Amino acid sequence: MAQAMSDDQVAGELKKMTAFIRQEALEKAKEIQIKADEEFAIEKSKLVRQETSSIDSQYEKKFKQAGMSQQITRSTLANKTRIKVLSARQELLDDLFEKARSKLVDHTKDQGKYQDLCKNLILEGLYALNEDKVQVRARKQDYDVVEKAMEGAKEEYKKSMDGREVQVELDEKNPQPEGCSGGVSVVGGGGRIDINNTLDERLKLLETDALPMVRTSLFGKNQNRRFHD
C-alpha cells in the first residue's frame with residue numbers, strides 16, 4: 001500500500017513540476033523568439049533588396065534621361081552652330097556674287113572688248129538656233145556696238161558654216177529692260193525661242209554651275225559629303 005506523501009513532499013513535487021513547466025515555457029519562448037528573429041531578418045533582407053532594386057531602377061532611369069537630355073542638348077547646339085556656319089557661308093557667297101554683279105557693267109566700258117563679247121554671244125545664239133533669220137535684242141545704249149557685233153557674227157558664222165548666210169536683225173521694238181547690265185538675247189522660231197545671253201543671265205548660270213567649285217575654293221571640301229559635284 002502506497003504511503004501518502006507528506007506536505008513537504010507534495011510541495012517539493014509541485015516545485016519540480018513548476019520548474020519543469022517554466023523551463024518548457026522558456027525554451028518555447030526562445031524558439032519563438034529565434035524563429036521571429038529569423039523571419040524578421042528574412043523580411044528585412046527582402047525589403048532591403050526591393051528598396052535597393054527600386055533605387056537602382058530609379059537611378060538608371062534618371063541616368064538614361066540625363067544622357068538623353070545631354071545628347072539632345074549637344075545635337076541642338078551642333079545644329080545651331082551648323083546653321084550659323086552655313087548662313088555665314090551663304091552670306092559670303094551672296095556677297096561675292098553681288099559684287100560680281102555690280103562689276104558686270106565694267107565689261108561694257110571698253111567698246112572694242114565689249115563689241116567682241118557681243119559678237120561671241122550672238123554667234124552662240126546663231127549656232128544654237130540654226131535658223132536662217134533671227135533677231136537680236138540689246139540695251140538701247142548698246143545699239144551701235146551691237147550692230148557692229150552682228151555684222152562680225154554674220155561673217156564668222158558664214159565662214160564656219162561653209163558659206164551659209166543668216167539674216168540678223170536688231171529688234172528695236174523690244175530692247176533689254178532697264179537695269180540690264182549688258183549682253184544680248186538672240187530670238188528665233190518666230191519669236192518663240194529666246195536665247196538669253198545677257199550678262200546678268202550668264203552670271204546666274206555661273207552661280208549655278210560654278211557654285212560647288214567656288215564653295216570648295218573658299219571653304220575646302222565637305223568631309224561629311226559622300227558625293228561631290
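Asn120 is partly exposed, with a relative accessible area of 37%. This residue belongs to helix α2. Its C-alpha lies 7.0 Å from that of Ala153, although 33 residues separate the two in sequence. All of this is read from a predicted model.

**Helices α2 and α3**

Ala153 is one of the α3 residues that make the contact with α2. Helix α2 covers residues 111-129, and helix α3 covers residues 143-160. The two pack at an angle of about 50°, and their axes are 8 Å apart. The pair is therefore oblique. The crossing of α2 and α3 is right-handed.

On the α2 side, the contact is made by Gln111, Tyr114, Gln115, Cys118, Lys119, Ile122, Leu123, Leu126 and Tyr127. On the α3 side, the residues are Val145, Val146, Lys148, Ala149, Met150, Gly152, Ala153, Glu156, Tyr157 and Ser160. Sorted by class, the contact of α2 with α3 has twelve nonpolar, four polar and three charged residues.

**Cysteines**

Cys118 is part of the α2 contact with α3. Is Cys118 buried or exposed? At 0% relative accessibility, Cys118 counts as buried. Cys180 also counts as buried, at 11% relative accessibility.

A disulfide is a covalent bond between the sulfur atoms of two cysteines. How many disulfides does the count give? The count comes to zero. Cys118 is in no disulfide, and the nearest cysteine sulfur, that of Cys180, is 9.9 Å away. Seen from Cys180, the closest cysteine sulfur is in Cys118, and 9.9 Å is too far for a bond. The cut-off for a disulfide is 2.5 Å between the sulfur atoms.

**Loop residues**

Several residues lie in loops. The table sets out their places and relative accessible areas.

| Residue | Loop | Relative accessible area | Class |
|---|---|---|---|
| Thr108 | between α1 and α2 | 10% | buried |
| Asn130 | between α2 and β1 | 41% | partly exposed |
| Asp162 | between α3 and β2 | 77% | exposed |
| Pro177 | between β2 and β3 | 56% | exposed |
| Ser181 | between β2 and β3 | 10% | buried |

Thr108 follows helix α1, which spans residues 7-102, and its loop leads to α2. Which residues does Thr108 contact, leaving aside its neighbours within four places in sequence? They are Tyr114, Arg139, Ser181, Gly182 and Leu199. Tyr114 also takes part in the contact of α2 with α3.

Ser181 sits in the loop between β2 and β3. With neighbours within four places in sequence set aside, Ser181 is in contact with Arg101, Leu104, Val105, Thr108, Arg139, Leu199 and Asp200. Arg139 and Leu199 therefore appear in the contacts of Thr108 and of Ser181, and both Thr108 and Ser181 are buried.

Pro177 lies between β2 (167-170) and β3 (183-188). Pro177 is exposed, at 56% relative accessible area. What separates Pro177 and Arg139 in sequence and in space? They are 38 residues apart in sequence, yet 7.2 Å apart in space, C-alpha to C-alpha.

**Positive phi**

Most residues other than glycine have a negative phi. Asn130 departs from this, with a positive phi of about 55°. Its loop runs between α2 and β1 (133-137). At 41% relative accessibility, Asn130 counts as partly exposed.

Asp162 is another case. Its phi is near 55°, a positive value in a residue other than glycine. Asp162 is placed in the loop between α3 and β2. With a relative accessible area of 77%, Asp162 is exposed.

**The chain as a whole**

How many helices and strands does the chain have? There are four helices and four strands. Along the sequence, the pattern reads α-α-β-α-β-β-β-α. Of the 229 residues in the chain, 21% are buried. Among contacts with a separation of 6 or more, 74% are between residues 24 or more positions apart.

Methods:
Residues numbered from 1 in each chain as written. Predicted model: local features only at pLDDT ≥ 70, side-chain atom pairs only at ≥ 80, totals over all residues. Heavy atoms only, no water. Axes fitted to C-alpha atoms, helices over the stretch in contact; angles between N-to-C directions. Parallel < 35°, antiparallel > 145°, perpendicular 65-115°, else oblique. Left-handed = near helix turned anticlockwise from the far one by under 90°. Contact = heavy atoms within 4.5 Å. Nonpolar A, V, L, I, M, F, W, Y, C, P; charged D, E, K, R; others polar. Buried < 20%, exposed > 50% of the residue type's maximum accessible area, 1.4 Å probe, protein only.
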